[in-house]
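Subject: Structure for you to look over, with notes on helix packing and internal space

Dear colleague,

I am handing over the structure below, and I would be glad if you kept it open while you read the notes that follow it.

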Amino acid sequence: MTTPSRAERLLLKFSPRLWQVLLIIVIGLGALTVFSIRFADRLDDARSSQSDNTTWLISQLEVDALKLERAMTEARLPGSPSDLEPIRAAFDIYLSRVRVVSGNLMQATVLRPIGQSADWAQVQDTTVKLRLLIDVPDERLHQNLPEIADLMADMRRPMRAAVVNSLRHLIEAGTDSRNALALLFNRSAVVATGLIALLFLTIWSTSTLTNSLRRRSHEAERNRSNLERTINASLDGVIVARADGRVQAVNPGAEAILGYGRDELMASTGIVNLVLPEALHDQQTAMVREVLRAAPHGSIPEGRIELLAQRADGRVIPIELSLTRDRDSDDELIYIAFLRDISERRRYEASLREARDSALSAAETKSRFLAMMSHEMRTPLNGVIAALD
């Protein structure tokens, strides 16, 4: 298997924190939604302010007051007609404007301090007095013109102050609203840009991680296939079984050694009783049987063990066994057994022992023959040597 690159290692390290990134994205989307709602509210406020024409109404109030003064001035000029209806018409327009402006001053939050100021209170008081002086018959109205002119002159300063302060508040409020709207738009843009970048980063990392995992899956599948082919081509038997004795995998070598087919072994509910029955009284066989039955609590013998096993035809054969223990993908305990039929080796060993015993017997017979011949020949040879002497 290939060694993972640095980018793959970083992605594998980053992948467990993917839920944190998703949480950040959700929070960012929530913040963006809040910003959008506030942005829409600000736009609605801006549209409302523009449609109300509050600035024009307040500015027009002073103009209507000047028109009322002009109508009274024309009525007081020498030789002017005695018709006083222009004064009443100008006052009606002025009074209507005062009422509309007063309502706006009390409704608009930014203009509420102006509506509660002393200047505006003086304007309203003067307006009430003007109404009492103007809504009278013509003779009385003609007599009240000087007093009306004095009231209008006294009202110029507070009205001017109220109008100027109102316009100043409106301009400041509009500036603050535009600044807040711009700030809100900038924050929304920053959050949106960050979210888009984070989403692109997440998509890239997920895609790269997916490709890496797909490549690793292909490598694992190829390695598994190679291992399976290697095990199937092995002349030694390989059996993978669970702790309860159910066979999970078996290779053709084990089928040939034990004489059972693959389906028979896979369908078996107790491979230990099938291959190592109680009828086998071999010490090593009994020991391995107890180890397998003890499951995770038993200690696995190390190295190769020679023991007896029973084939499907009932014939008992000597085998060489090597055991190991592991966990499968479901974290279940499994045993992996490597076994080899050593019948031929036992026969070779038996023939070797027989040949050795025959050779030792022949050597002993030869030694006895030579000793006997040496003893039997020594006596006559001694007599011949003596006679010759």
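How many cavities of 30 Å³ or more does the count come to? Please bear in mind while reading that this is a predicted model, and that the values below were all computed from it. The count comes to 1 cavity of 30 Å³ or more, and the space in this largest cavity is about 30 Å³.

The cavity is lined by Ile58, Leu61, Val101, Leu105, Ile114, Trp120, Ala162, Val163 and Ser166. Helix H3 (54-76), helix H4 and helix H7 (138-233) are the elements that give two or more residues to this lining, and H7 gives the most, with 3 residues. Sorted by class, the lining of the largest cavity holds 8 nonpolar residues and 1 polar residue, with no charged residue.

Helix packing comes next, beginning with H4 and H6.

Helix H4 (residues 85-107) packs against helix H6 (residues 118-134) at an angle of about 150°, and their axes lie 11 Å apart. Since angles over 145 degrees count as roughly antiparallel, H4 is roughly antiparallel to H6. Their crossing is left-handed. On the H4 side, the contact is made by Arg88, Phe91, Tyr94, Leu95, Val98, Arg99, Val101, Ser102 and Leu105, while H6 contributes Trp120, Val123, Gln124, Thr127, Leu130, Arg131 and Ile134. This contact of H4 with H6 comprises 10 nonpolar, 3 polar and 3 charged residues. Val101, Leu105 and Trp120, which take part in this contact, also appear in the lining of the largest cavity.

How do the axes of H4 and H7 cross, and within what distance do they come? They cross at roughly 30° and come within 13 Å, and H4 and H7 are therefore roughly parallel to each other. The crossing of H4 and H7 is left-handed. Here the contact is made by Ile87, Arg88, Tyr94 and Leu105 of H4 together with Asp138, Leu141, Leu145, Met155, Met159 and Ser166 of H7, and by class these residues divide into 7 nonpolar, 1 polar and 2 charged. Leu105 and Ser166, both part of this contact, are also among the residues that line the largest cavity.

For the remaining pair, the axes of H6 and H7 come within 9 Å and cross at roughly 160°, and H6 and H7 are therefore roughly antiparallel to each other. The crossing of H6 and H7 is left-handed, and the contact of H6 with H7 is made up of 14 nonpolar, 5 polar and 5 charged residues.

Helix H7 also takes part in an open pocket, which I describe last.

The second largest pocket contains about 430 Å³ of space. It is lined by 14 residues, of which Leu227, Glu228, Ile231, Val240 and Ala249 are the closest to its centre. Which elements each supply at least two residues of this lining? They are H7, strand S1 (237-242), strand S2 (247-250) and strand S5 (333-341), with the largest share, 5 residues, coming from H7. In terms of class, the lining of the second largest pocket has 9 nonpolar, 2 polar and 3 charged residues.

With best regards

Key:
Residues are numbered from 1 along each chain as its sequence is written. This is a predicted model: local features need pLDDT of at least 70, side-chain atom pairs count only at pLDDT 80 or more; totals for chains, interfaces and linings use all residues. Side-chain values use heavy atoms; hydrogens and water are left out. Axes are lines fitted to C-alpha atoms, for helices over the stretch in contact, and angles run from 0 to 180 degrees between N-to-C directions. Helices (H or I, at least four residues) and strands (E, at least two) are DSSP runs, numbered from the N terminus. Angles under 35 degrees count as roughly parallel, over 145 as roughly antiparallel, 65 to 115 as roughly perpendicular and the rest as oblique. A crossing is left-handed if the near helix is turned anticlockwise from the far one by less than a right angle, and right-handed if clockwise. Contact means heavy atoms within 4.5 Å. Ala, Val, Leu, Ile, Met, Phe, Trp, Tyr, Cys and Pro count as nonpolar, Asp, Glu, Lys and Arg as charged, and the others, Gly among them, as polar. On a 1 Å grid over the protein atoms alone, a cavity is a set of points where a 1.4 Å probe fits but cannot get out, and a pocket is an open set with protein on both sides within 12 Å along at least five of seven lines; lining residues have an atom within 4 Å of a point. Grid points are joined across faces, edges and corners, and a volume is the space filled by probe spheres set on the points.
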